[in-house]
Amino acid sequence: MTNLHNAAEEEQLAHFMQRIERGDKIEADDWMPEEYRLTLIRLISMHGISEIMGALPEKEWVPKAPSLNRKLGIMAKVQDEMGHGQLLLRVTEDLLLPYGKNRGDIMQDLFNGNLKFHNVFHMETKTWADAGIIGWLVDGAAIITQTNMLNASYGPYARALQRICAEEVFHAQHGESIIMALAEGTEEQKAMIQESLDRWWEALLMFFGPASKETTGSSKQDLTIKYKIRTKTNEEFRQLFFDKYIPRILSLGLRIPDPTIRFDEESKLWSYKQPDWNEFKKIIKNGGPRSHARLNLRRSSYENNAWVRDALSVKVT
Amino acid sequence: MTEEKTFYQEYEVFSKRTPSSAFQHQFSLLAPNEDMAFILAQENFMRREPVADIWIVNRKSIRKMDVEEKMTLGRLDNKDYRTTKGYGYLKKKWRQYEQQILDEKEILSWGGERK
């Protein structure tokens with residue numbers, strides 16, 4: 001009986017891998033190996049909750065934006081991020097169905113530390129230039145990883161990313177517009193961007209994660225590549241980020257806060273000073289500068305609104 | 001049958017860009033009722049795109065196909081007689097009679113003004 005069961009499962013797995021190799025799109029109701037399902041749940045729940053947690057450092061700048069137009073622009077971006085979170089949580093929830101878990105469970109996982117949010121959103125924002133750097137370079141980094149998954153083997157995720165990436169183009173240009181105004185402004189404004197870039201540089205390197213699993217003891221990159229969810233490694237993303245953004249940063253008269261960084265013509269690779277990966281390990285365990293404050297903000301708003309959810313709940317059979 | 005209260009109901013969202021276009025599936029969302037589903041549909045999926053109409057459908061009302069049923073949808077590639085592909089030779093024939101074939105593009109253009 002067990003042998004028969006195993007044989008049937010092996011056949012299903014072989015058929016599934018053929019579909020992946022062929023470039024078929026896997027849909028929520030299709031059979032999939034548990035490893036694939038769990039890889040997707042980890043990736044997409046983290047992506048979704050990071051969109052929501054990522055709106056928090058930006059929303060801090062809504063009341064402080066320097067003009068009405070800037071206020072409207074950043075409010076639209078914050079709203080987009082929450083919308084992206086909704087899309088991605090929906091994709092996750094359909095994957096969680098066999099485990100009987102719903103959005104309430106996802107929120108609890110966030111609050112109790114089982115579900116992590118992206119390392120870059122644990123950082124502090126100090127000046128208006130940070131709002132520009134986030135839109136220009138943090139969203140730029142996100143665009144690099146997300147566009148790589150536009151053809152992901154999981155159909156619902158690929159479709160969500162199509163919508164998300166279209167809006168990311170607006171986010172990137174919104175950030176560029178803030179940076180451009182400061183870069184062409186007073187000496188004080190120029191110094192403000194440089195100071196912001198100096199503070200964010202390490203976080204931007206950490207954004208893509210360590211090159212190999214030796215750093216933190218685990219990495220999802222091999223699995224996501226095996227299942228054709230993405231095609232590039234963390235380091236390839238980081239190199240692409242350097243290719244695209246270093247010339248632009250320098251063109252504005254800004255300095256990269258790493259005197260060792262250089263492009264090797266032969267290998268076509270950038271060599272650079274590694275960020276402090278011990279700090280990274282601390283951040284991803286919710287030990288970053290703003291981890292607790294942002295989790296508390298999310299938790300208190302969830303708790304304060306509990307009565308709304310309760311009042312609007314309906315009985316289902 | 002267990003009965004429980006929930007805030008989270010799944011709705012599928014359809015919309016059309018213009019009054020004359022066809023409805024298109026957009027995505028799904030969670031909402032406690034239809035009114036909230038309409039609000040969230042606009043907030044989540046229609047912040048920029050033009051939109052002329054929205055439908056929301058509770059997933060409980062959708063009958064989906066299972067794997068076996070989907071397999072019945074495959075077609076054999078032997079039905080040329082159902083399509084213009086099976087009559088492609090006519091183009092050459094009409095040319096012999098110094099006439100042009102009345103193809104799909106030509107025929108569907110007849111709804112307009114007489115040229």
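Select B:Glu10 first: its bridge partner in β3(B) is B:Leu30. Widen the selection to strand β2 (residues 9-16) of chain B, which pairs with β3(B) in the antiparallel sense over 7 bridges; strands count as paired if DSSP finds at least two bridges between them. Strands here are DSSP runs (E, at least two residues) and helices are runs of H or I of at least four residues, numbered from the N terminus.

The model is predicted: local features need pLDDT of at least 70 and side-chain atom pairs count only at pLDDT 80 or more, while totals for chains, interfaces and linings use all residues. Residues are numbered from 1 along each chain as its sequence is written, and chains are lettered from A and ligands numbered from 1 in the order in which they are written.

**The sheet and domains of chain B**

Add β4 (53-58) of chain B to the selection. The 3 strands form an open antiparallel sheet in the order β3-β2-β4. Its edge strands are β3 and β4, each of which pairs on one side only. From one strand to the next, the twist averages 30 degrees; axes are lines fitted to C-alpha atoms, for helices over the stretch in contact, and angles run from 0 to 180 degrees between N-to-C directions.

Next, colour chain B by domain: the assignment gives domain 1 (9-61) and domain 2 (78-115), with bounds taken from an automatic or database domain assignment. The centres of these two domains of chain B, taken over C-alpha atoms, are separated by 40 Å.

**Where chain B touches chain A**

Now display both chains. The contact takes 17 residues from chain B and 16 residues from chain A; two residues are in contact if their C-beta atoms, placed from the backbone, lie within 7 Å. On the side of chain B, β1 (4-6), β3 (24-31) and α1 (34-45) each give two or more residues. The largest share, 4 residues, comes from β3(B). This side of chain B divides into 7 nonpolar, 4 polar and 6 charged residues (Ala, Val, Leu, Ile, Met, Phe, Trp, Tyr, Cys and Pro count as nonpolar, Asp, Glu, Lys and Arg as charged, and the others, Gly among them, as polar).

Select strand β3 (residues 314-316) of chain A together with β1(B): they pair in the antiparallel sense over 3 bridges. Within this pairing, A:Val314 stands opposite B:Thr6.

**Helix pairs in chain A**

Select helix α5 (residues 128-147) and helix α6 (residues 155-183) of chain A. Their axes come within 7 Å and cross at roughly 150 degrees. The two helices are therefore roughly antiparallel, the term for angles over 145 degrees, whereas under 35 counts as roughly parallel, 65 to 115 as roughly perpendicular and the rest as oblique. Residues to show as sticks include A:Trp136 and A:Asp139 in α5(A), and A:Glu168 and A:His171 in α6(A), which belong to the contact. By class, this contact has 13 nonpolar, 8 polar and 3 charged residues.

Keep α6(A) and add helix α7 (residues 187-206) of chain A; the two pack at an angle of about 135 degrees, with their axes 7 Å apart. That makes α6(A) oblique to α7(A). A:Ile179, A:Leu182 and A:Ala183 of α6(A) make the contact with A:Gln189, A:Lys190, A:Met192 and A:Ile193 of α7(A).

Finish with helix α2 (residues 34-59) and helix α3 (residues 68-96) of chain A, whose axes come within 8 Å and cross at roughly 160 degrees. α2(A) and α3(A) are therefore roughly antiparallel to each other. Their contact has 14 nonpolar, 7 polar and 6 charged residues.
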